[in-house]
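Open the model in your viewer and keep the selection box handy. We will walk from one stop to the next, and at each one you will hear what to select and what is there.

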Amino acid sequence: MLFTPSARDDIVRYYQHTYVKFRELGDTLYYIHRIFEDRVEAVDVKHNQVVIYLDDEHPYEVDYVLPHKSYFQDGDRAMMLFRIPAQQYKRGICGDNVCIGFPYGSGTGGDYETVEQSFQRLQTYVNKPLFVSLSEAIGLPYHSTVLSPRMAYVREPSTICVDFVPVARVEQGSRIKMLRPIFRKEVEEIAGPLWSIE
Amino acid sequence: MTTIIEKFGLNRYYDTTRLPAFVAGIECEIEAISKAVDVAGFTITQDGSLRNPRAPKGYGHEYISVPLPRDELVHVFSNLHKKLEFYPDEDPFSSRTSTHVHVNCQNLELDQTRTLVLLYALFEEMFFLMVDKSRRGNIHCVPLNETTMPSLYKKPINVMVINWHKYTALNLKPLTKFGTVEFRHLHGTNDPELLNQWLSVLENLWRLSQEVKVNSLNLQKESVIHSWFEYIFAPAPGILKHGPSLFDVIRNSLVDVKFSVL
């Protein structure tokens, strides 16, 4: 969308109080907090400000697309960011169109608990994702660890989840017991050849 | 076996009982129309989410068709666009516009309708490859594979509908009112060839959903999934060329659809 003076009402409607990235500024996320007649002000997570001047002759284009569903590591938890299909107009990230959650307890039904959509957490999501091997994940003192964009290891009760659904249990002696055999191929891919899968 | 029309107690909008054929309706969102004219096969509404700065209220228009077989639908669509006139220097098909297709499922059995949803979900990325690339990021056409909706795939279709969201790319909500499912992908267009190709693919999806089962066995056979892909997208050579990378493209969706057999 072109940021021009005549588009000011649309900019407010679509972007005010949302998080976006600007093409020239890499993976840094910005919060659009103030929109004036002649400019838009945004800040990054460290409070560095950028200003976009609304100019018909040299309009700036914001082409941010809402993020893909994926796990990301946030401290000691594997968090999944996913889209919410809702009646709303915001094109930048906000609580109405994106949600973040983590696998909940020892449930077997794919339960998850949602968390606050903080600036720091969103910035962690947009940074380059870090995925670790299953062996590394087991050695980490985390509640849960990201294995791939769709999979996480949950320490208690030592399960591998696809999204929020436990599909396998990690057992003593480098053995994995499939709870949902349909996901065997996905588990094989993240486990590698050192693991025995039953 | 219970059908959609029986399950939801619907009135028939079209006598499909003697028509095993594919029937659909379209909603064409268009901006910058200088004079809204009546066109056979369509009713007109104004839509506040569309723009027409020179019109009295500033709203764009939506032309909603009656349900028709594919070839007739393409014909009335062509006729519509021959009759419309636009303000100069305005884009009638801005990124705000889209062309929604409602596919009749009144006579499908509940399981067949669920199969239609699962086959769509499996190839969702291919459907998006058929339309303008901006549509995948559109906030009113959210891909199922970006949401937690796949957790519903294991449910019966009537339970899926209750928990569904309208603004997903495949909207199931109209099943309870019209007996249709709504495909919201297609961008605003006046191209009858594109519409025909899109409808042909949807028709194949609709037909295949009456012939196959999406079960644990089939989801683990790449040859079966490949044959489904070739059947559905036969009318779209540009999509078939993605065949060699099919399992990379549908990687996430295949994981999603596996949730249906848990």
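Start by selecting B:V74, which is buried, with a relative accessible area of 11%; buried means under 20% relative accessible area, exposed over 50% and partly exposed in between, using a 1.4 Å probe and protein chains only. Before moving on, note that this is a predicted model, in which local features need pLDDT of at least 70 and side-chain atom pairs count only at pLDDT 80 or more, while totals for chains, interfaces and linings use all residues. Residues are numbered from 1 along each chain as its sequence is written, chains are lettered from A and ligands numbered from 1 in the order in which they are written, and side-chain values use heavy atoms, with hydrogens and water left out.

**Around B:V74**

B:V74 sits in helix 2 (residues 70-83) of chain B. Helices (H or I, at least four residues) and strands (E, at least two) are DSSP runs, numbered from the N terminus. Now add B:P192, B:L195, B:N196 and B:L199 to the selection: B:V74 is in contact with these residues, leaving aside its neighbours within four places in sequence. Contact means heavy atoms within 4.5 Å. Try B:Q197 too: its C-alpha is 9.9 Å from that of B:V74, although the two are 123 residues apart in sequence.

**Next stop: B:N204**

Select helix 6 (residues 192-208) of chain B, where you will find B:N204. Is B:N204 buried or exposed? B:N204 counts as buried because its relative accessibility is 14%. Show B:Y231, B:I232, B:A234 and B:P235 as well, since B:N204 touches them, not counting residues up to four places away in sequence.

**A strand in chain B**

Go to strand 7 (residues 180-183) of chain B, where B:T180 and B:E182 point one way, B:V181 and B:F183 point the other way, and all are buried. In a regular strand the side chains alternate between the two faces of the sheet. Strand 7 of chain B pairs in the antiparallel sense with strand 5 (residues 99-104) of chain B over 4 bridges; two strands pair if DSSP finds at least two bridges between them. One bridge to look for joins B:N104 to B:T180. Strand 6 (residues 170-171) of chain B also pairs with strand 7 of chain B, antiparallel over 2 bridges, and here B:L170 has B:F183 as its bridge partner.

**Across to chain A**

Select strand 12 (residues 151-154) of chain A: A:M151 and A:Y153 on one side and A:A152 and A:V154 on the other are all buried. Strand 11 (residues 144-148) of chain A pairs with strand 12 of chain A in the antiparallel sense over 4 bridges, and the two form a hairpin with 2 residues between them. On the way to strand 13 of chain A, pick out A:S158, which takes a positive phi near 60 degrees in the hairpin of strands 12 and 13 of chain A.

**Last stop: where the chains meet**

Show both chains together: the contact takes 29 residues from chain B and 29 residues from chain A. How many salt bridges does the rule find across the interface of chain B and chain A? There are 5, a salt bridge being a side-chain nitrogen of Lys or Arg within 4 Å of a carboxyl oxygen of Asp or Glu. Zoom in on one of them, between the side chains of B:D256 and A:R150 (2.5 Å, N to O). Finish by selecting helix 11 of chain B, which gives the most to the side of chain B that touches chain A, with 5 residues.
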